[in-house]
Amino acid sequence: MLTSEQNERLTRVGQGTPGGALLRRYWQAACPEKELAHDGDRKRLRVLGEDLLVYREAPGAYRCIRERYPHAAVAIATYPVEALGGLLFVYMGPQRDHPPLLPRWDVLAREDKPKRIRVMPEHHCNWLQIQENTADSVHTYYLHGHRVYQMNGGKPDRAADYFYRPIKNYDWKVSAWGVEKFLEYGGERPEVEIRPPLIFPNVLRIPEGPIEALHFRVPIDDEHTRIIWVGLSEGVPGGELTSPDRVPYVYEFDAPGTTIENVDLSTFYGQDRVVWETQGAIADRSIETLGASDRGIVLFRRMLAEQIERVERGEEPNVAVVSDPAQNVCITFAAPSSWAEAGTV
Ligand SMILES: [Fe+2]
């Protein structure tokens, strides 16, 4: 449980807020690079409560300005933009002449397999609800395994079979990238599973069947979140690979009439989405009751609070920060071997 004040510190994303100051120390995914295919192409978007305009000056050269500024005499804020793995990233923190290195997560950095990008429908909730779901390791049993098992009337299903196994034990630990997750399954197929870490502060790295995926949970503002999904797939052996600036993308929109009451619950994504959004625009964590399986969430919140305090002291964050370019070629994570059989998460 958090006090209302603590909850405000962790969830608010605007300029001048403690949480917003921390998030501005990290590159945020903006849009697919292919969207700005020609010099002069522009893209308007809202990130961390700021209205931005990203535009292409020349091949591979992008800039970002803040659209609305309170005083016309004031110099317009410009933010650095970098391209990686088919996406454009924007850095909205201080020291914009010397921003931190953009971490080259494996899914982005690898060019040996085809990638694709999905920009998911806008989510009507604060980013932290979505990211906390990642630290909630056992929800895969209760939410996904159980739901799919029910929907199938108990018939076998690859994903349900994988996740609907009795959980004997679980643990979490702090790592250089965020929060490591361990799970021990019992039953007929016992296994110790080490999941890829929650990448601090707002990224999920996860294998989804044969696809290696990243989910960027980008706050649009306090009460809305954009998820940009990048998937690296096996592709066709010997098939042609797309250059990084031509990675195909799709914007996904809800069908007319979609509400949280009628979201399609047949997919893991739909099941997760209902859990995220039904907590309200900003979940009231002052009235919650946490249990033993929520220890990963507590660890993540503590990490967030500590990193916010570092920034308030004038220090830089020290989680998921890469300072040595030699270490920033392709950042990999060990994936559980049997996840490739599990199906889409
Ligand atoms: Fe989930």
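Four donors around a metal count as tetrahedral if all angles lie between 85 and 135 degrees; four count as square planar and six as octahedral if opposite donors are over 155 degrees apart and all others between 65 and 115, and anything else is called irregular. Keep that in mind for the iron site below.

A word on the ground rules. This is a predicted model, in which local features need pLDDT of at least 70 and side-chain atom pairs count only at pLDDT 80 or more, while totals for chains, interfaces and linings use all residues. Residues are numbered from 1 along each chain as its sequence is written, and side-chain values use heavy atoms, with hydrogens and water left out.

## The iron site

Let's start with the metal. Donors here are N, O and S atoms within 2.8 Å of the metal (3.2 Å for Na, K and Ca), and since water is not among the atoms, sites may look incomplete. The iron ion is held by His 139 (NE2), His 144 (NE2) and two OD atoms of Asp 272, at 2.1 to 2.3 Å. The angles between the four donor atoms run from 57 to 145 degrees, so the arrangement is irregular.

Along the chain, the donor residues follow the spacing H-x4-H-x127-D. That brings together distant parts of the chain: His 139 sits in helix α5 (residues 139–151) and Asp 272 in helix α7 (residues 268–277), 133 residues apart. Helices (H or I, at least four residues) and strands (E, at least two) are DSSP runs, numbered from the N terminus.

Are these two residues buried or exposed? Buried means under 20% relative accessible area, exposed over 50%, and partly exposed in between (1.4 Å probe, protein chains only). His 139 has a relative accessible area of 13%, so it is buried. Asp 272 is buried too, at 8%.

## The eight-stranded sheet

Next come the strands. Two of them pair if DSSP finds at least two bridges between them. One open sheet has eight strands in the order β8-β9-β10-β11-β12-β13-β7-β14, and its pairing is mixed. Its edge strands, β8 (167–174) and β14 (249–251), each pair on one side only. From one strand to the next, the twist averages 20 degrees; axes are lines fitted to C-alpha atoms, for helices over the stretch in contact, and angles run from 0 to 180 degrees between N-to-C directions.

Strand β11 (residues 203–208) is worth a look. Six of its six residues are buried, so β11 is largely enclosed by the rest of the structure. In a regular strand the side chains alternate between the two faces of the sheet. In β11 both faces are covered: Val 203, Arg 205 and Pro 207 are buried on one side, and Leu 204, Ile 206 and Glu 208 on the other.

Here are some antiparallel pairings in the model, each with a bridge or facing pair.

| Strands | Bridges | Residues opposite each other |
|---|---|---|
| β10 (residues 191–199) and β11 | two bridges | Leu 198 and Leu 204 |
| β11 and β12 (residues 211–221) | six bridges | Pro 207 and Glu 212 |
| β8 and β9 (residues 178–185) | seven bridges | Ile 167 and Tyr 185 |
| β4 (residues 61–66) and β5 (residues 78–84) | three bridges | Ile 65 and Thr 78 |

β10 and β11 make a hairpin with three residues between them. Pro 201 lies in that loop, and the peptide bond leading into Pro 201 from Phe 200 is cis, with omega near -10 degrees. The hairpin of β11 and β12 has two residues between its strands, and Gly 209 there takes a positive phi near 60 degrees.

## The six-stranded sheet and two odd loops

Another open sheet has six strands, ordered β1-β6-β5-β4-β3-β2, with antiparallel pairing. The strands at its edges are β1 and β2, each pairing on one side only, and the twist averages 30 degrees from one strand to the next.

Most residues other than glycine have a negative phi, and most peptide bonds are trans. Leu 48 has a positive phi, near 50 degrees. Leu 48 sits in the loop between β2 (42–47) and β3 (50–58), and is buried at 0% relative accessibility. Gln 95 also has a positive phi near 50 degrees. Gln 95 belongs to the loop between β6 (87–90) and α3 (106–109), and is exposed at 55%.
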